[in-house]
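Colleague: Please put the model up. I have some questions about its metal site and its packing.

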Amino acid sequence: MSDINTYIEENKDRFIEELIDLLKIPSISADSAYAKDVRRAAEWVKNSLDKAGADATEICETAGHPIVYGEKIIDDSLPTVLVYGHYDVQPPDPLELWSSPPFDPVIKNGNIYARGAADDKGQVYMHIKAFEYMMKTDNLPCNVKFMIEGEEEVGSDNLGIFVANNKEKLKADTILISDTSIIANDTPSITVGLRGLSYLQVEVTGPNRDLHSGVYGGAVGNPINILCNMIASLTDENNHITIPGFYDKVNIVSDEDRAEMAKAPFDHEAYKKELNIGDTFGEKGYTTPEHTSIRPTLDVNGIWGGYIGEGAKTVLPSKAYAKISMRLVPNQNSKEITQLFKKHFESIAPDAVKVEVKPHHGGEPLLIPTNFPAYQAASKAMEKTFGKKPIPQRGGGSIPIVALFEEELGLKSILMGFGLNTDDIHSPDEHYGIFNYLKGIETIPYFFQNLVEESK
Ligand code: BES
Ligand code: MN
Ligand code: MN
């Protein structure tokens, strides 16, 4: 397969142009105003699979945004790889913080800047281009199925239903996903764990209408003040979460495993510098890499209420809101944690306010072993193209469908991502390195080849 590098060299400009075309489509799944664009992105992905040589491509309808499917079955006796990814993206706001418009991709300093460049359009498209290479050069060594969804950024509820209803169609030997990061361009890694997620919105209601803060202030509970106090009480002086029962099921990682994890390179000074923070901030007794991998968290993602216009308006608002997420680790369960939060949050509300807790979506945490053929196939593929053996590392983010794949299809996933934590996914100026994009295209065909070898 020595000609993958030649193929990339000859086609890389086109690979980049095509990706830019996809990145121009604002497929924001969270915002219903963009539903047509989400569909347009699905059609674009389907077309690109057709052109690369996939069979049986289709747009599968769901109660929400559609799923793109395609396959190439060359021999039933060979392994089948199910490639999963998502073509939907996060909302781009705050728009004013972008150096260039989020859906008007630009190339700067070896990166493609656009919403979705790294998460996940760029990483999805690597698979389609690697497949194109394998098809055009007669190098596809086994069967492949593609399932690219449009609701990952909103929790993948409809994909869950689709998977449960299409077990035969999705029959495969392993699932390959590029939607995570490596440690650095000279330090490859494979993600062997994801955190779960419990996401909810809280609404605190005080008086039945906005009041004059002089006439009523001091006597009537201010829902914003109270919400802030309630949120503040959810963590203690050690940054430990105070919700009763929250840690009960947390899998305690052994000292040996922690020592092993600590061998992965991490530069605390560079980390602080890159984020322009005086210090990191986290649960007492754990390191920064541990805070983002083996420990659960609670974060306010947004908080609002009252007057936020120009100047000042003296008002005691009627309502206050916050969106809160909790990242979960094995063996916490998102439904249980949501319930524990709800019960606790309602119990700490003073009588001066009413509290409503509305769950959004969730996902379960998971761990992936390293001692099975598909992991070896990925590890050897990366070792070949990076010249270094990848480090197995747990990721801090969540991909809700991965735990469901295991439950419904009985399949483990390989999280062979090529992004960097500094790609600013979900942030202004999201970007994806051209190095990473092309490295992915180069590595994927080796995964396929190694998988066939490892499964013999
Ligand atoms: N690709 C990310 C998840 C990710 C990123 C995992 C980096 C590991 C490293 C995915 O698109 C994502 O953003 N997931 C959401 C969850 C979803 C339910 C909104 C997340 O983690 O916030
Ligand atoms: Mn993603
Ligand atoms: Mn994302």
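Colleague: Is Thr80 buried or exposed?

Modeller: First, the ground rules: this is a predicted model, where local features need pLDDT of at least 70, side-chain atom pairs count only at pLDDT 80 or more, and totals for chains, interfaces and linings use all residues. Residues are numbered from 1 along each chain as its sequence is written, chains are lettered from A and ligands numbered from 1 in the order in which they are written, and side-chain values use heavy atoms, with hydrogens and water left out. Buried means under 20% relative accessible area, exposed over 50%, and partly exposed in between, with a 1.4 Å probe and protein chains only. Thr80 has a relative accessible area of 9%, so the term for Thr80 is buried.

Colleague: Which residues is Thr80 in contact with, leaving aside its neighbours within four places in sequence?

Modeller: Thr80 lies in strand β3. Helices (H or I, at least four residues) and strands (E, at least two) are DSSP runs, numbered from the N terminus. Contact means heavy atoms within 4.5 Å. On that basis the partners of Thr80 are Asn143, Lys145, Lys171, Ala172, Asp173 and Thr174.

Colleague: What are the protein donors of the manganese ion (ligand 2)?

Modeller: Donors are N, O and S atoms within 2.8 Å of the metal (3.2 Å for Na, K and Ca); water is not among the atoms, so sites may look incomplete. Here the donors lie 2.0 to 2.4 Å from the ion. Along the chain they follow the spacing H-x32-D-x59-D. They are His86 (NE2), Asp119 (OD), Asp179 (OD) and Asp179 (OD).

Colleague: Why does the pair His86 and Asp119 tie together separate parts of the chain?

Modeller: Both donors serve the manganese ion (ligand 2), with spacing H-x32-D-x59-D among its donor residues. His86 lies in strand β3 (residues 80-86) and Asp119 in helix α3 (residues 117-136), so the parts they tie together are 33 residues apart in sequence.

Colleague: What is the relative accessible area of His86?

Modeller: Asp119 is buried, at 6%. His86 is buried too. For His86 the value is 0%.

Colleague: Which residue bridges the two manganese ions?

Modeller: The manganese ion (ligand 3) is coordinated at 2.1 to 2.6 Å by Asp119 (OD), Glu153 (OE), Glu153 (OE) and His426 (NE2). The manganese ion (ligand 2) has Asp119 (OD) among its donors. The two ions lie 3.6 Å apart, and the bridge is Asp119.

Colleague: What is the geometry of the site of the manganese ion (ligand 3)?

Modeller: Four donors count as tetrahedral if all angles lie between 85 and 135 degrees; four count as square planar and six as octahedral if opposite donors are over 155 degrees apart and all others between 65 and 115; anything else is irregular. The manganese ion (ligand 3) has six donor atoms, with angles of 55 to 155° among them. The site is irregular.

Colleague: What is the order of the strands in the open sheet of three strands?

Modeller: Two strands pair if DSSP finds at least two bridges between them. β4 and strand β5 (residues 111-113) pair over three bridges, in the antiparallel sense. Val106 has Tyr113 in β5 as its bridge partner. The order is β4-β5-β20.

Colleague: At what angle does helix α1 run to β5?

Modeller: Axes are lines fitted to C-alpha atoms, for helices over the stretch in contact, and angles run from 0 to 180 degrees between N-to-C directions. Helix α1 (residues 4-23) lies across β4 and β5. Its angle to β5 is about 20°.

Colleague: Which elements do the buried residues of α4 pack against?

Modeller: In helix α4 (residues 157-165), the buried residues are Asn158, Leu159, Gly160, Phe162 and Val163. They pack against β1 (55-60), β2 (67-72), β3, β6 (143-149) and α11.

Colleague: How many aromatic pairs does the structure hold?

Modeller: Rings of Phe, Tyr and Trp (its six-membered ring) pair if their centres lie within 6.5 Å; planes under 30 degrees apart count as stacked, over 60 as edge-to-face and the rest as tilted. Tyr7, Phe15 and Tyr133 form one aromatic cluster. The number of aromatic pairs is 13.
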